Amino acid sequence: MDAREAALRQAYGHAVRWLASLSGRRVPARASVEEVVRALGPDLPDGPSPPAEVVDLLATACEPGLTAFPSGRFYGFVVGGGEPAALAADWLVSAWDQNSVMRQVSPAHTAVEDIAEAWLLELLGLPGGSAVGFTTGATMANFTCLAAARDEVLRRAGWDVARDGLTGAPRLRVLVGEGRHMAIDLALRYLGLGRPEPVEADDQGRIVPEALVRALGDGGPAPTVVALQAGEIHSGAFDPFRETVDAAHAVGAWVHIDGAFGLWAAASPRYAHLTEGCERADSWATDAHKTLNVPYDCGLAVVRDPGALRAAMGLHGPYLIHDDERGDPFEKVPELSRRGRAFTVWAVLRSLGRSGVAALVERLCRHAEAFAEGIARIDGARVLNDVVFTQVCAVFGDDGRTERVLSRLLDDGTAWISGSTWRDRRVMRISVSNWSTTDEDVARTLAAIRRCAA
Ligand SMILES: *Cc1c(COP(=O)(O)O)cnc(C)c1O
């Protein structure tokens, strides 16, 4: 057995033990940063060590400091877990080590990406023929789509951003709902567009259509981008697309939708109504590492007009091998070299099939409803949002009391749930996004919440 194979076997053993520990272990980490540093040893070694020993040291020293993100009882932020086929495929992605930058250099990756693209568009109910870029996450997917948007609306106003930059360009308006995710603001900063104009949202964080129409009419015709949202991180609410997308198009605006976790509602016949009208937009950003549960990192930037995306992200290098007819993967994302992200996406879609993806979405929503019902029965607790998708926000009295329940819950260790501030109140924010969460996980977590609230 050579050193590489020995290291891989060592990694396999540790990975399998880690995954097997998830159902029973405390969700928060047991060790502190300092403890892990001590276990690893802070000093750079003078010479080489056998790879298998290095893997063993890494896994052994890190294990107590790992947070059980892939546990069925992790409900913080919005995270997914590694669905089995996707996780296993991800190991192959590292072993195969394909640089997925050019179409013609890895026929296998190109074939898989082509198939995955078509499947994604079908499942998400988006226009066939749209371009799909595989990014690191939804932040970069939003950035990618908004770059195409910026360049295209300014091009229509007679301005070439790629050639002339933004200095002296016509003013570009970017309208967003007050309830948007801050990743939109970050993407706009990267793009040199500064702060967007916030438009009133309702108590669930949905943009108010009449307020958007008013804002679109203000200040005369100008190049405009409207960024809407499918899935608000506190309430899970969806912007009313039917009442907003056409209104924005009527004044020539580009409509982008951030659907990092929510866009997947479209894959379920029971929840597809939430995304109705969203297919008429111009671009969509989503994550595969949230609702679809592929390992980090994988976001998806979808743009209806492949030419607009290529104009924003494409380039020509004398040493690259270009596919001028079909375009190359790197012309759809910000980076050049990248791992073969389409392999894991293909694997989870092939593993679940159409009905499996729908069942996954429906299961997450069913667990969210169970959380809302269970919490509503706790003395003094109240669910603040209309639970329409996978998110639940609850209070347990005043801010101080909610905060104490949250901190006891972390000490209890059964589950990991983050706090947040929503509608001027401290809230417990539950996001159900892991494929492996079971009814029993929900019941155990509710029992822990009840203990902590008492
Ligand atoms: C998570 C999230 C993002 C950012 O996605 P990353 O994959 O973390 O970059 C953007 N928008 C929404 C609505 C999100 O939930």
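Analyst: A cavity is a set of grid points where a 1.4 Å probe fits but cannot get out. In this predicted model, the largest cavity has a volume of about 50 Å³.

User: What makes Gln-229 a lining residue of the largest cavity?

Analyst: A lining residue has an atom within 4 Å of a cavity point. Gln-229 meets that test, as do His-181, Gly-231, Ile-233, Asp-258, Ala-260, Phe-261 and Lys-290. By class, this lining holds 3 nonpolar, 3 polar and 2 charged residues.

User: How many cavities does the search find at 30 Å³ or more?

Analyst: The whole structure has 2 of them. The second largest cavity comes to about 30 Å³. Gln-229 is in its lining too, among others such as Gly-177, Arg-180, Leu-228 and Asp-239.

User: Why is the space taken by the ligand called a pocket?

Analyst: A probe cannot get out of a cavity, whereas a pocket is an open set of points. The ligand takes up the second largest pocket, so its space counts as open.

User: What makes the pair between Asp-258 and the ligand a polar contact?

Analyst: The cut-off is 3.5 Å between N or O atoms. A polar side-chain atom of Asp-258 lies 2.7 Å from a ligand nitrogen, so the pair qualifies. Asp-287 passes as well, because an N or O atom of its side chain is 2.7 Å from a ligand oxygen. For Lys-290 the distance to an oxygen atom of the ligand is 2.9 Å, so that pair is also within the limit.

User: How much of the ligand does the protein bury?

Analyst: Alone, the ligand exposes 390 Å², and the protein buries 84% of this area.

User: Which residues of the shell come nearest to the ligand?

Analyst: There are 13 residues around the ligand, and Thr-139, Asp-258, Asp-287, His-289 and Lys-290 come nearest. The shell divides into 5 nonpolar, 5 polar and 3 charged residues.

User: Which domain is Asp-258 in?

Analyst: The domain assignment gives domain 1 as 2–66, domain 2 as 88–348 and domain 3 as 354–453, and residue 258 falls in domain 2. The C-alpha centres of domain 1 and domain 2 are 37 Å apart.

Definitions and conventions
Residues are numbered from 1 along each chain as its sequence is written. This is a predicted model: local features need pLDDT of at least 70, side-chain atom pairs count only at pLDDT 80 or more; totals for chains, interfaces and linings use all residues. Side-chain values use heavy atoms; hydrogens and water are left out. A residue is near a molecule or strand if one of its heavy atoms lies within 4 Å of it. A polar contact is a pair of N or O atoms within 3.5 Å; within protein, one must be able to donate a hydrogen and the other to accept it, and residues adjacent in sequence count only if both atoms are side-chain atoms. Accessible areas come from the Shrake-Rupley method with a 1.4 Å probe; for residues, only the protein chains shown count as cover. On a 1 Å grid over the protein atoms alone, a cavity is a set of points where a 1.4 Å probe fits but cannot get out, and a pocket is an open set with protein on both sides within 12 Å along at least five of seven lines; lining residues have an atom within 4 Å of a point. A molecule sits in a cavity or pocket if more than half of its atoms lie within 2 Å of its grid points. Ala, Val, Leu, Ile, Met, Phe, Trp, Tyr, Cys and Pro count as nonpolar, Asp, Glu, Lys and Arg as charged, and the others, Gly among them, as polar. Domain bounds come from an automatic or database domain assignment. Grid points are joined across faces, edges and corners, and a volume is the space filled by probe spheres set on the points.
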